[in-house]
2 protein chains.
Amino acid sequence: MEEAETLTAFAALSNATRLRILRLLVSAGPAGLRAGEIAEAVGASPSRASFHLSGLSKARLVTSSQTAREVVYRADLQAIGGMIRYFMEDCCSENEQIRACCFGAKDC
Amino acid sequence: MEEAETLTAFAALSNATRLRILRLLVSAGPAGLRAGEIAEAVGASPSRASFHLSGLSKARLVTSSQTAREVVYRADLQAIGGMIRYFMEDCCSENEQIRACCFGAKDC
DNA sequence: GCTCCATTTCAAGGGCTCTTAAAATATCTC
DNA sequence: GAGATATTTTAAGAGCCCTTGAAATGGAGC
């Protein structure tokens with residue numbers, strides 16, 4: 001992942017609805033969720049959910065697959081991990097104090 | 001760190017100038033850098049740098065201290081770590097694949 | 001073919017962000 | 001005190017983002 005992609009990813013994560021959707025999709029696992037289920041779960045209208053899913057999709061944080069008339073979305077764990085990794089390596093210079101937080105250090 | 005703070009932090013990181021500033025400040029270490037040095041280093045006008053430093057400051061990703069007429073900025077490693085930690089714990093449900101990226105796994 | 005259903009697209013509006021340049025504030029040196 | 005320096009504040013304009021509701025797309029079943 002490069003800087004431009006990371007900027008897009010961070011922008012995608014800076015909205016409450018999109019963060020809620022991503023959280024939901026990560027916890028939903030590999031099966032993913034249908035667009036309608038997502039909209040209902042996060043309390044957004046279908047068009048609003050679609051708008052934000054499109055944003056997450058453009059940022060490559062989620063993937064989608066269409067079966068008949070249903071669209072299933074899934075969190076792209078590799079992309080999410082890649083974003084964090086880029087941030088840790090390139091932006092945080094592998095800083096030890098910051099890295100410790102991934103392990104669950106108490107003082108973060 | 002809570003959701004609202006995390007949203008603000010992600011928003012702050014979604015701009016190239018601010019990301020560059022943060023990267024610079026992390027690498028600069030505890031001594032920090034003066035506003036003017038930062039502006040020059042990232043290729044921004046003083047007012048533009050000040051604008052973005054203010055954004056990073058409101059997002060609590062950097063701290064500042066004023067000595068006479070010089071203002072020194074430092075990266076807030078604890079806040080940066082806290083943001084990542086919140087994202088990993090709350091949003092990524094401690095997902096193993098995502099977490100592995102902090103250790104530098106090859107497949108991220 | 002017609003009608004439902006799931007989802008996306010479109011259009012309009014209001015608000016926020018970014019950039020630029022000028023002005024203001026505060027401090028240092030002479 | 002005068003002038004130079006460091007930084008912030010302000011103002012204006014352009015552009016993007018978010019929300020809402022209506023319209024459009026396209027598949028399923030009768």
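Which residue is the bridge partner of B:Arg34 in strand 3 of chain B? In this predicted model, the residue that B:Arg34 pairs with is B:Val72, which belongs to strand 3 of chain B. That pairing is a convenient entrance to the structure, and the report moves from the sheets to the relation between the two chains, and then to the DNA.

**The sheets of chains A and B**

In chain B, three strands make up an open sheet whose order is 1-3-2, and their pairing is antiparallel. Strand 1 (33–34) and strand 2 of chain B occupy the edges, each having a single partner strand, so one side of each has no neighbour in the sheet. Strand 1 and strand 3 of chain B run antiparallel and are joined by two bridges.

Chain A also has an open sheet of three strands, with the order 1-3-2 and antiparallel pairing. Here strand 1 (33–34) and strand 2 of chain A stand at the edges with a single partner strand each, so one side of each is left without a neighbour in the sheet. Strand 2 (residues 62–67) and strand 3 (residues 70–75) of chain A are paired in the antiparallel sense over six bridges. Among the residues facing each other in this pair, A:Ser65 is opposite A:Val72, and A:Gln66 is opposite A:Val71. As a general point, strands of a sheet pair through backbone hydrogen bonds, either parallel or antiparallel.

**Two residues with a positive phi**

Strand 2 and strand 3 of chain A form a hairpin with two residues between them, and A:Ala68 is in the turn. Most residues other than glycine have a negative phi. Against that background, A:Ala68 has a positive phi although it is not a glycine, and B:Arg60 likewise has a positive phi without being a glycine. The table sets out the two residues.

| Residue | Phi | Location | Other C-beta atoms within 10 Å |
|---|---|---|---|
| A:Ala68 | about 55° | loop between strand 2 and strand 3 of chain A | 5, exposed |
| B:Arg60 | about 65° | loop between helix 4 and strand 2 (62–67) of chain B | 18, partly exposed |

**Helix 1 of chain A**

Within helix 1 (residues 3–12) of chain A, the residues A:Thr6, A:Ala9, A:Phe10 and A:Ala12 are buried. Viewed down the axis of this helix, the buried residues fall within an arc of 155°, so they line one face of helix 1 of chain A. Their cover includes helix 2 (16–28), helix 4 and helix 5 (77–91) of chain A, together with helix 1 (3–12) of chain B.

**How the two chains meet**

Between the two chains, 30 residues of chain B are in contact with 31 residues of chain A. On the side of chain B that touches chain A, the elements that give two or more residues are helix 1, helix 2 (16–28), helix 5 (77–91) and helix 6 (96–100) of chain B. The most comes from helix 5 of chain B, which gives nine residues to this side. By residue type, the side of chain B that touches chain A divides into 19 nonpolar, eight polar and three charged residues.

Two copies of a chain are related by a rotation about an axis and a shift along it. In this model, a turn of 180° and a shift of 0.0 Å along the axis lay chain B on chain A with an RMSD of 0.1 Å. The two copies are therefore related as by a two-fold rotation axis. The same surface serves both copies, as 100% of the contact residues of chain B recur in chain A. Of the residues of chain B, B:Phe10 comes closest to the rotation axis, with its C-alpha at 2.6 Å.

**The surface near DNA strand D**

DNA strand D is surrounded by 21 residues, and the closest are A:Ala68, B:Arg34, B:Gly36, B:Ser47 and B:Ser50. The elements that give two or more residues to this surface are helix 4 (46–58) of chain A, along with helix 3 (35–42), helix 4 (46–58) and strand 3 (70–75) of chain B. The largest share of the surface near DNA strand D is that of helix 4 of chain B, with six residues. Sorted by type, the residues of the surface near DNA strand D are seven nonpolar, nine polar and five charged.

Notes:
Residues numbered from 1 in each chain as written. Chains lettered and ligands numbered in written order. Predicted model: local features only at pLDDT ≥ 70, side-chain atom pairs only at ≥ 80, totals over all residues. Near = placed C-beta within 6 Å. Helix = DSSP H or I, 4+ residues; strand = E, 2+ residues; numbered from the N terminus. Nonpolar A, V, L, I, M, F, W, Y, C, P; charged D, E, K, R; others polar. Buried ≥ 20, exposed ≤ 12 C-beta atoms within 10 Å, placed from the backbone. Arc of directions from axis to C-beta. Contact = placed C-beta atoms within 7 Å. Least-squares fit on C-alpha atoms with pLDDT ≥ 70 in both. Pairing = 2+ DSSP bridges.
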